[in-house]
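Trainee: Could you take a close look at the ligand site with me, and then at a pair of packed helices? I'd enjoy a walk through the contacts.

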Amino acid sequence: MAEKVAMITGGAQGIGEAISRRLSKDGFAVAIADLNVEKGNDVAAAIEKDGGQAMAVKLDVADRDNFFQAVADVVAKFGRLDVLVNNAGLGPTTPIDTITPEFFDKVYHINVAGDIWGIQAASEQFKKNEHGGKIINATSQAGVVGNPNLALYSSTKFAVRGLTQVAARDLAKDNITVNAFAPGIVKTPMMYDIAHQVGQNAGKDDDWGMQTFAKDIALKRLAEPEDIAAGVAYLAGPDSDYMTGQTLELDGGMQFH
Ligand SMILES: NC(=O)c1ccc[n+]([C@@H]2O[C@H](COP(=O)([O-])OP(=O)(O)OC[C@H]3O[C@@H](n4cnc5c(N)ncnc54)[C@H](O)[C@@H]3O)[C@@H](O)[C@H]2O)c1
């Protein structure tokens, strides 16, 4: 049995991959749960090559049964679960008049329902193990203040902060903490895609699209995925034991509260 186990959704690339590698360095056996299981297997193999313990599991976070099965698979392999990072998400560019009912359903199912299924599946397991646990949800700076062109994305990420607060209150009695992390502008495939779309919509280039989001960063640099993984490592470790319901903003100083 592994000593401590973390499951990271969307762990096959971008921020989720960086979180998987960081939590492995911090001593967790890590389960990379992703739609793209081939890439998940590559990340797991790289972590094992570096001396860590890792597995990949195929997961569509929007599918509740699939989420419960994936948690069961992780526990079958590693013997327990201590941390769930609900990191998977979609970040489409959706000017208000482009939103269709189908797209609304798709994005809300992945970004919001996916977190609910994860909270259900992980907390059921934590209660069985009788040792509590930590749930960590990905929101965004766009979930703290509305961002132009991102009506669906921003609104789902606001919902994630609300869900985090409610789950923190509901699950505290079971020794489960629930927190969120809000990345700023991170160099991942998702962010490059958003910058491209926003630039195109305005008849400008990708750099202009990126600057739309990046111009107000006090530290004057975009985030590396590892900057975000460092904050998640804190939320996953014992130093955050007295923190629940909070959103940790990791945005280089884009906004202050
Ligand atoms: N990149 C940024 O600047 C930024 C900023 C703020 C918040 N975030 C949030 O951080 C999280 C990770 O973002 P990223 O930039 O690394 O994204 P990304 O698009 O680069 O990677 C997302 C990963 O999630 C997986 N995934 C997508 N849908 C899935 C599903 N239904 N089930 C399981 N896995 C699925 C993908 O296969 C991929 O491996 C997201 O929740 C995102 O909203 C990102």
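Mentor: Happy to! Let's start with the ligand, which has 27 residues around it, the closest being Asp 34, Asn 87, Tyr 153, Val 186 and Thr 188. Keep in mind as we go that this is a predicted model. Two of those closest residues, Asp 34 and Tyr 153, also reach ligand oxygen with their side chains. For Asp 34, a polar side-chain atom sits 2.6 Å from an oxygen atom of the ligand, while an N or O atom in the side chain of Tyr 153 is 2.5 Å from a ligand oxygen atom. A nitrogen atom of the ligand has a partner too: a polar side-chain atom of Asp 60, at 3.0 Å. As for cover, the ligand taken alone exposes 840 Å², and the protein buries 93% of that.

Now to the helices. The axes of α6 (residues 189-201) and α7 (residues 206-214) come within 7 Å and cross at roughly 105°. Angles from 65 to 115 degrees count as roughly perpendicular, so α6 and α7 are roughly perpendicular to each other. On the α6 side, the contact is made by Met 191, Tyr 192, Ile 194, Ala 195, His 196, Val 198 and Gly 199. Helix α7 contributes Asp 206, Trp 208, Gly 209, Met 210, Thr 212 and Phe 213. By character, the residues of this contact divide into eight nonpolar, four polar and one charged.

How values were computed: Residues are numbered from 1 along each chain as its sequence is written. This is a predicted model: local features need pLDDT of at least 70, side-chain atom pairs count only at pLDDT 80 or more; totals for chains, interfaces and linings use all residues. Side-chain values use heavy atoms; hydrogens and water are left out. Axes are lines fitted to C-alpha atoms, for helices over the stretch in contact, and angles run from 0 to 180 degrees between N-to-C directions. Helices (H or I, at least four residues) and strands (E, at least two) are DSSP runs, numbered from the N terminus. Angles under 35 degrees count as roughly parallel, over 145 as roughly antiparallel, 65 to 115 as roughly perpendicular and the rest as oblique. Contact means heavy atoms within 4.5 Å. Ala, Val, Leu, Ile, Met, Phe, Trp, Tyr, Cys and Pro count as nonpolar, Asp, Glu, Lys and Arg as charged, and the others, Gly among them, as polar. A residue is near a molecule or strand if one of its heavy atoms lies within 4 Å of it. A polar contact is a pair of N or O atoms within 3.5 Å; within protein, one must be able to donate a hydrogen and the other to accept it, and residues adjacent in sequence count only if both atoms are side-chain atoms. Accessible areas come from the Shrake-Rupley method with a 1.4 Å probe; for residues, only the protein chains shown count as cover.
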